[in-house]
Amino acid sequence: MDDVERAADRIATRVAEGLPIVCFTGAGISQESGIPTFRGESGLWAERDPELVATAEALERDPEAVWRFHEELRAMCREADPNAAHMALAWMETAVAERAPAPVITQNIDGLHQAAGSSNVIELHGNAGRVRCTACEFVSEDLPERFDRLPPLCECGAILRPDVVWFGEQLPRQAMEDAQRWSRLAGVMLIVGTSATVQPAASLPVMAFRSGAVLIEVNPEATALSAVVDVSLRGPAGEVMPELVEELSSELAD
Ligand code: APR
């Protein structure tokens with residue numbers, strides 16, 4: 001039995017027990033959709049200091065620089081299509097739906113899981129296609145292709161900000177609560193395309209591991225989690241995930 005077969009077998013066994021197959025994803029799953037990851041030599045943070053474009057202090061200090069970066073990111077997300085890995089997770093959710101939930105907990109802000117058809121997506125770090133006011137309760141996803149002035153202003157006069165989580169900021173409470181609940185219930189946690197370095201998101205696989213979940217990692221490189229996962233599938237998600245769900249499909253049919 002090769003690693004893909006072992007992973008599919010572990011998932012099928014947990015599905016048969018009715019245990020959730022929880023997917024935890026990071027920037028790597030969107031890399032083959034043309035959206036750069038954050039870390040690594042060609043990552044977004046290799047070319048710019050996140051302290052200057054992805055913190056509340058940076059928005060205070062130089063809102064135009066923060067908005068220029070986020071408008072670049074928003075355009076990349078808008079132009080990107082879900083790749084075979086996103087589609088594979090959406091297929092898996094449908095394939096196991098009668099027997100086990102398959103929620104997706106993502107750190108990504110690109111909306112590609114929803115675009116692929118996944119229906120239970122928990123966005124831990126917000127969404128690049130949504131803005132909120134820094135002063136009042138205004139929130140909107142109805143955005144122009146490009147704002148005609150940066151930073152954009154709310155009708156109340158205050159500046160708007162991307163509705164994403166920056167370094168040092170709290171994650172959306174409900175999203176984190178839901179993610180922690182699924183991590184504790186998981187029969188399997190399928191960890192795809194994350195360096196597993198940023199807290200508190202990176203605590204979720206540990207929570208799942210402590211609750212007895214089988215951990216399966218899909219990543220071309222080793223990560224901080226590689227030492228504790230049950231199966232490591234070394235390769236790009238766009239290639240590995242279709243192989244995994246094809247193997248799972250025949251396991252589920254048995
Ligand atoms: N398929 C699967 N994994 C890949 C691929 C690919 N094609 N290409 C790269 N990877 C892996 C890398 O090996 C790395 O482990 O994806 C991971 C990307 O790691 P990061 O860039 O650190 O992204 P992520 O883990 O999502 O970062 C978490 O950090 O900057 C913050 O808020 C930001 O949500 C982000 C968080």
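**Exercise 1.** In this predicted model, find how far apart the C-alpha centres of domain 1 and domain 2 lie, and how many residues of each domain are in contact.

*Solution.* Step one is to set the bounds. The domain assignment gives domain 1 as 1-34 + 82-125 + 171-254 and domain 2 as 36-79 + 141-164. Step two takes the C-alpha centres of domain 1 and domain 2, which lie 28 Å apart. Step three applies the contact cut-off, heavy atoms within 4.5 Å. Ten residues of domain 1 then touch nine residues of domain 2.

**Exercise 2.** Describe the shell around the ligand: how many residues surround the ligand, how do they divide by character, and which domains supply them?

*Solution.* The ligand is surrounded by 21 residues, and the closest are Phe38, Arg39, Thr194, Ser195 and Asn219. Sorted by character, the shell has eight nonpolar, ten polar and three charged residues. Sorted by domain, at least three residues come from domain 1 and at least three from domain 2. As for location, the ligand takes up the space of the largest pocket.

**Exercise 3.** Find the distances from ligand atoms to polar atoms of Gly28, Phe38 and Arg39, then state what share of the ligand's accessible area the protein covers.

*Solution.* Start with the backbone. A polar backbone atom of Gly28 is 3.4 Å from a ligand nitrogen, and one of Phe38 is 2.8 Å from a ligand oxygen. Next come side chains: a polar side-chain atom of Arg39 is 2.7 Å from an oxygen atom of the ligand. Finally, on its own the ligand has 730 Å² of accessible area, of which the protein covers 92%.

Definitions and conventions
Residues are numbered from 1 along each chain as its sequence is written. This is a predicted model: local features need pLDDT of at least 70, side-chain atom pairs count only at pLDDT 80 or more; totals for chains, interfaces and linings use all residues. Side-chain values use heavy atoms; hydrogens and water are left out. A residue is near a molecule or strand if one of its heavy atoms lies within 4 Å of it. A polar contact is a pair of N or O atoms within 3.5 Å; within protein, one must be able to donate a hydrogen and the other to accept it, and residues adjacent in sequence count only if both atoms are side-chain atoms. Accessible areas come from the Shrake-Rupley method with a 1.4 Å probe; for residues, only the protein chains shown count as cover. On a 1 Å grid over the protein atoms alone, a cavity is a set of points where a 1.4 Å probe fits but cannot get out, and a pocket is an open set with protein on both sides within 12 Å along at least five of seven lines; lining residues have an atom within 4 Å of a point. A molecule sits in a cavity or pocket if more than half of its atoms lie within 2 Å of its grid points. Ala, Val, Leu, Ile, Met, Phe, Trp, Tyr, Cys and Pro count as nonpolar, Asp, Glu, Lys and Arg as charged, and the others, Gly among them, as polar. Domain bounds come from an automatic or database domain assignment.
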